[in-house]
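Grab a pencil and have the 3D viewer open. Below are a few exercises, each with a solution worked out step by step.

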Amino acid sequence: MEKQILIFDTTLRDGEQAPGFSMNLDEKLRLALQLEKLCVDVIEAGFPIASEGDFLAVREIAGRVQNCKIAGLCRTKKLDIDRAWEALKNAQHPRIHTFIATSDIHLKHKLRMSREQVLAAAVEAVRYAKSLTDDVEFSAEDAVRSDPDYLCRVVEVVIDAGATVVNIPDTVGYAIPAEFGRLIRTISQRVPNIEKTILSVHCHNDLGMAVANSISAIENGARQVECTINGIGERAGNAALEEIVMTLHTRRNHFCLATGIKTQEIYSTSKLLTRLTGMQVQRNKAIVGANAFAHEAGIHQHGVMNNAMTYEIMTPESVGVPQSMLVLGKHSGRHALEKRYKELGYSLSEAELNAVYEAFTHLADKKKAIYDADLIAILQDREDEVPETYSFEKMHVISGSQLTPTATIRLKHGDEMVEDSSVGDGPVDAVFNAIDRIAGVQGRLLSYSLNSISRGRDALGEVLLQIERDGASYVGKAASTDVVEASAKAYLKAVNRAINNGKIGDGNQSRSVL
Ligand code: KIV
Ligand code: ZN
């Protein structure tokens, strides 16, 4: 029987706290429910004392997720622990996760505490947390740069105080695999009561070794790994969940270890995170990047066609990557569409089927072949719908190498049609400016990406962007065979989101009401 490695997902805490990855409550809940479908063991839902938003998100997720442990982070202060517990107390399986730094550099320059004071604070925090709930995790922040003798002492006393999980973070991503493995082995061998706890690791990716370090730790006795979807997190990020899980899965003969992860949900979880945050993963990202299963070189294609194992060490289906199969065309009927969605794992209500069929026929008018990825884009477009203060009606764009790009946009606002024009540095800038003039906003563009969803010159272009307004960021995503139109629609979605959040004014005077 293979031993189980526990997967602790911190996308909603360490991942979400990284610049550009913030999510609102609704988005966090959607991701948490998807993580539950992915079957992670623990969801770290936030840092409740950090903000009201974090507190509410942890409380909501704790109330809704049934099958995973829900962790809330807190420092060793009583106030922090109380706040975390307040957010967690309705969870089916709550976990208080308390931490304090143990490296001399943190003690001296951040905490201004002695080693003995930190030791006492750690014990007191674990004891207090334990009086509230059974499941208590302790993290020794910056463990990798801590004196190993001192670290072992801290680990021993927090286990005595009741810590059910002890986590060894490489907070600054400094470790290298063999050395980190040795540290985990030393702790496992030297701490006398280590058997009473689950040893965990949490690796950052500053030197690009977070996954390698986590795997080395697993080989040396760690039983829980902390990681994030797409490897998002502070600075260069955390260890990527999908890479750790698929390493253990693909090389199970070597490791003889299992996880409870439903690997077929990996791709859709990664995609959901991308849609919610507006942040794409790089094309060559392991497991979930667009090129991860693409074989460009002729010799590879030939091999893969004869036998996929020639160049594929795992199948795209095993992580839920939809096939780039030619599926449907203009003359395909509603039944064929419904059947294909079923095969892709989506069962649609009659109303949903009607709506996606309409979108499908529009697309089939513009595009000869419709692929699985196009069908998924149609569905996601509906899932990502935002209440439309302004809805897109039409646009007219003039652009050329000798012309000043100019865009005229017509939007529907309640019962009115409103229209305005603007110039810009290029056609995309011109449409954004025209939308700004109508809605009376100026969203600062934080990120913009354009990708082809399937193949061919008539492929759908998908725009994913993020705007910032009054310190908050809003995501917009849209697909069209016309990339300027996709840009306009994505930008409008982000603007509508900002308006719905009450962050920006609704309309200005310069527009003309038709
Ligand atoms: O990187 C780190 O040390 C952390 C701890 C709070 C677990 O995120
Ligand atoms: Zn971290």
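**Exercise 1.** With which side chain does the side chain of Thr-102 make a polar contact? Then work out where Thr-102 sits and whether it counts as buried or exposed.

*Solution.* Keep in mind that you're looking at a predicted model.
- Step 1: find the partner. The side chain of Ser-146 is what you want, at 2.8 Å from the side chain of Thr-102 in a polar contact.
- Step 2: place the residue. Thr-102 belongs to the loop that runs between S5 and helix H5 (104–111).
- Step 3: check the burial. Buried means under 20% relative accessible area. Thr-102 has 0% relative accessibility, so it counts as buried.
- Step 4: look at the surroundings. Not counting residues up to four places away in sequence, Thr-102 touches ten residues' worth of names you can click through, including Leu-107, Val-118, Asp-142, Ser-146 and Leu-151.

**Exercise 2.** Find Leu-151 and describe its place and its contacts.

*Solution.*
- Step 1: Leu-151 is part of helix H7.
- Step 2: its relative accessible area is 0%, so Leu-151 is buried.
- Step 3: set aside the neighbours within four places in sequence, and Leu-151 is in contact with Thr-102, Ala-140, Ala-143, Ser-146, Leu-183 and Ile-187.
- Step 4: now pick out Leu-119, which is 32 residues from Leu-151 along the chain. The C-alpha atoms of the two are separated by 9.6 Å.

**Exercise 3.** Asp-142 and Cys-256 each have a positive phi without being a glycine. Where does each one lie, and is each buried, partly exposed or exposed?

*Solution.*
- Step 1: start with Asp-142, whose phi is about 60 degrees. You'll find Asp-142 in the loop between S6 and helix H7 (148–161).
- Step 2: Asp-142 has a relative accessible area of 0%, so it is buried.
- Step 3: go on to Cys-256, with a phi of about 55 degrees. Cys-256 is in the loop between helix H11 (252–255) and strand S10 (257–258).
- Step 4: Cys-256 comes out at 46% relative accessibility, so it counts as partly exposed.

**Exercise 4.** Which residues surround ligand 1, and which elements supply at least two of them?

*Solution.*
- Step 1: list the shell. Around ligand 1 you get Arg-13, Asp-14, His-97, Phe-99, Ser-139, Glu-141, Asn-167, Pro-169, Thr-171, His-202 and His-204.
- Step 2: sort them by class. That gives 2 nonpolar, 6 polar and 3 charged residues.
- Step 3: match them to elements. Helix H1 (11–15), strand S5 (94–101), strand S6 (136–141) and strand S7 (165–170) each bring at least two residues to the shell.
- Step 4: check some distances. A polar side-chain atom of Asp-14 is 3.1 Å from an oxygen atom of ligand 1. For an N or O atom in the side chain of His-202, the distance to a ligand 1 oxygen is 3.1 Å, and for His-204 it is 3.0 Å.
- Step 5: look at the cover. On its own, ligand 1 exposes 260 Å², and the protein buries 94% of that.

**Exercise 5.** What lies 2.7 Å from a polar atom of the side chain of Ser-214?

*Solution.*
- Step 1: go to helix H9 (residues 210–219), where Ser-214 is found.
- Step 2: the atom you need is the backbone oxygen of Ala-210.
- Step 3: Ser-214 has 1% relative accessibility, so it counts as buried.

Terms used
Residues numbered from 1 in each chain as written. Chains lettered and ligands numbered in written order. Predicted model: local features only at pLDDT ≥ 70, side-chain atom pairs only at ≥ 80, totals over all residues. Heavy atoms only, no water. Near = heavy atom within 4 Å. Polar contact = N/O pair within 3.5 Å; in protein donor to acceptor, adjacent residues only side chain to side chain. Areas by Shrake-Rupley, 256 points an atom, 1.4 Å probe, with all protein chains shown as cover. Helix = DSSP H or I, 4+ residues; strand = E, 2+ residues; numbered from the N terminus. Nonpolar A, V, L, I, M, F, W, Y, C, P; charged D, E, K, R; others polar. Buried < 20%, exposed > 50% of the residue type's maximum accessible area, 1.4 Å probe, protein only. Contact = heavy atoms within 4.5 Å.
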